[in-house]
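Reader: I am new to this structure and should be grateful for a close look at a single part of it. Please choose one helix and describe its surroundings in a connected account.

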Amino acid sequence: MVSAGLAFAVINVLTQWVAQSYSVSSTALAFWQYGLSLVFFVPSLIKLGAGAFKTSHPILHVVRVVLATLGVQFFVAALTHGVPIWQVIAIDMTSPFMVILGARLFLGEHIGFNRAVATAVGFVGGMLILAPWSDAFSVYSLLPLGAALMWAGSSIQTRQLATIERPESVTVYLLALLTPINAVFLLADTGFSPTAAFVIPTGPALYGILVLAALTAAAQYFLTLAYSRADASYLQPFDHVRLPLGVVAGYLVFGYAPGGFLWVGAALIIGASLYLLKAETGSANSGLAAAE
C-alpha cells in the first residue's frame with residue numbers, strides 16, 4: 001500500500017508536468033497513460049497465459065472499470081487544469097465517507113452513530129480544504145470530488161474482486177477495459193476524428209507518458225496485491241501516506257505550498273477515518289467474542 005502511494009505521488013506530479021509543459025489534453029493523457037500501462041503488463045500476461053483473463057464475475061469487472069474510468073477522467077482533468085496536487089489528493093481522501101453516505105441513500109443501509117459522526121467530520125474537513133468561499137476556488141476544484149465519488153464505487157468492487165480473483169486478473173481487466181472507454185472520451189473531445197485523436201506525443205512528452213504508464217501499471221498491481229493480502233481496515237491507515245507524499249512532491253516540483261486550512265482539514269479527514277476504523281474494529285471484535 002505504501003509502495004502504491006509512493007508511485008501515485010510521482011504519477012500525480014508527472015501528470016501535471018506533462019500536461020502543463022507540453023499542452024497535452026486530459027483525455028489524451030488518460031488514454032495514452034492507461035493504454036501504454038497495458039503494454040507494460042504484457043510480459044506478465046505472457047507468463048500467466050490465457051488464465052489471467054479467466055473470470056466468473058465479468059459484470060463486476062465492467063462496473064468497476066466504468067466507475068474507475070470516470071474517476072480517472074475527473075482526476076486527470078483536475079491535475080491538467082492546475083488544481084494543486086495536495087488539494088486533489090486531500091479531496092480524494094473523502095471517498096470512504098462517500099461510500100457510507102451512498103450506501104444509506106441508495107441501498108438503505110443503517111449508518112449508525114460512529115459512521116454518521118465520522119462522515120460529518122470528514123466532509124467538514126473536505127470543505128475546509130476545498131474552500132469554496134476563497135478567491136482561489138474555481139470550478140476545476142470540484143473535479144476531485146467527482147473522482148472521489150467514482151472511485152468510492154470502484155473501490156468497493158476492487159475489494160470484492162480481490163478476495164475472489166487473482167491480483168493479476170483484477171489488474172489486467174482494469175487496464176484492458178480502461179483503454180477503450182478512455183478512447184471514447186478522447187474521440188468525443190476531438191469531434192470524433194480518429195486522425196486528430198490518436199496522435200502519438202513525441203519528444204519529452206512521450207518519455208513522460210511512458211514513465212507514467214509504467215508507474216501506473218506498478219501502482220495498480222501494488223494496490224490490488226495489498227487488498228488480496230490484508231483486510232481493508234488494516235490497510236486504511238497506510239493509504240493516508242498519499243497526502244504527505246503528495247504535498248512534498250508538489251512542493252519540490254511546482255513550489256505548491258499548502259495554504260488555507262489544508263492541515264486542519266486533513267487532520268479532520270484522517271482523524272475521522274481512524275476513529276471509524278477503531279470503532280468498527282472494536283465492534284467486530286466484540287461481536288466475535290460474543291459469538292464465541
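Author: Two residues are said to be in contact, or to meet, when heavy atoms of theirs lie within 4.5 Å. With that in hand, the account may turn to helix 4, in a model that is predicted.

A few words on the whole chain come first. The secondary structure of the protein chain amounts to 14 helices and 0 strands. Of the 292 residues in the protein chain, 46% are buried. Among the contacts that join residues at least 6 apart in sequence, 86% are between residues at least 24 apart. As for confidence, the mean pLDDT of the protein chain is 81, and 89% of its residues reach 70 or more. Among the elements, the lowest mean pLDDT, 69, belongs to helix 6 (residues 95–107), and the highest, 90, to helix 10 (residues 194–197).

Helix 4 covers residues 58–80. The approach to this helix includes S56, which is placed in the loop between helix 3 (42–48) and helix 4. S56 counts as exposed because its relative accessibility is 63%, and the cut-off for that class is over 50%. S56 and E165 are 109 residues apart in sequence, yet their C-alpha atoms are 8.7 Å apart in space.

One partner of helix 4 is helix 9 (residues 167–189): the two pack at an angle of about 55 degrees, and their axes are 9 Å apart. Oblique is the term for angles that fall outside the roughly parallel, antiparallel and perpendicular ranges, the last of which runs from 65 to 115 degrees. Helix 4 and helix 9 are therefore oblique to each other. Their crossing is right-handed. On the side of helix 4, the residues that take part are H61, V62, R64, V65, V66, A68, T69, L70 and Q73; on the side of helix 9, they are S169, V170, Y173, L174, L177, L178, I181, N182 and F185. Sorted by class, this contact of helix 4 with helix 9 comprises 12 nonpolar, 5 polar and 1 charged residues.

Within that contact, T69 deserves a closer view. T69 belongs to helix 4, and it counts as buried because its relative accessibility is 0%, where the limit for the class is under 20%. Leaving aside residues up to four places away in sequence, T69 touches L178, I181, N182 and F185. These four also appear among the residues of helix 9 that meet helix 4.

Another partner of helix 4 is helix 1 (residues 2–22). Helix 1 and helix 4 pack at an angle of about 60 degrees, with 8 Å between their axes. Helix 1 is thus oblique to helix 4. The crossing of this pair is right-handed. Here N12, T15, Q16, A19 and Q20 in helix 1 meet F75, V76, L79 and T80 in helix 4. By class, the contact of helix 1 with helix 4 contains 4 nonpolar and 5 polar residues, and no charged ones.

Further along the chain comes helix 5 (residues 85–92), which is mostly covered, with 8 of its 8 residues buried. They are I85, W86, Q87, V88, I89, A90, I91 and D92.

In summary, helix 4 is oblique to helix 9, and helix 1 is oblique to helix 4. T69, at 0% relative accessibility, is buried, whereas S56, in the loop between helix 3 and helix 4, is exposed.

How values were computed: Residues are numbered from 1 along each chain as its sequence is written. This is a predicted model: local features need pLDDT of at least 70, side-chain atom pairs count only at pLDDT 80 or more; totals for chains, interfaces and linings use all residues. Side-chain values use heavy atoms; hydrogens and water are left out. Buried means under 20% relative accessible area, exposed over 50%, partly exposed in between (1.4 Å probe, protein chains only). Axes are lines fitted to C-alpha atoms, for helices over the stretch in contact, and angles run from 0 to 180 degrees between N-to-C directions. Angles under 35 degrees count as roughly parallel, over 145 as roughly antiparallel, 65 to 115 as roughly perpendicular and the rest as oblique. A crossing is left-handed if the near helix is turned anticlockwise from the far one by less than a right angle, and right-handed if clockwise. Ala, Val, Leu, Ile, Met, Phe, Trp, Tyr, Cys and Pro count as nonpolar, Asp, Glu, Lys and Arg as charged, and the others, Gly among them, as polar. pLDDT is the predictor's confidence in each residue, from 0 to 100.
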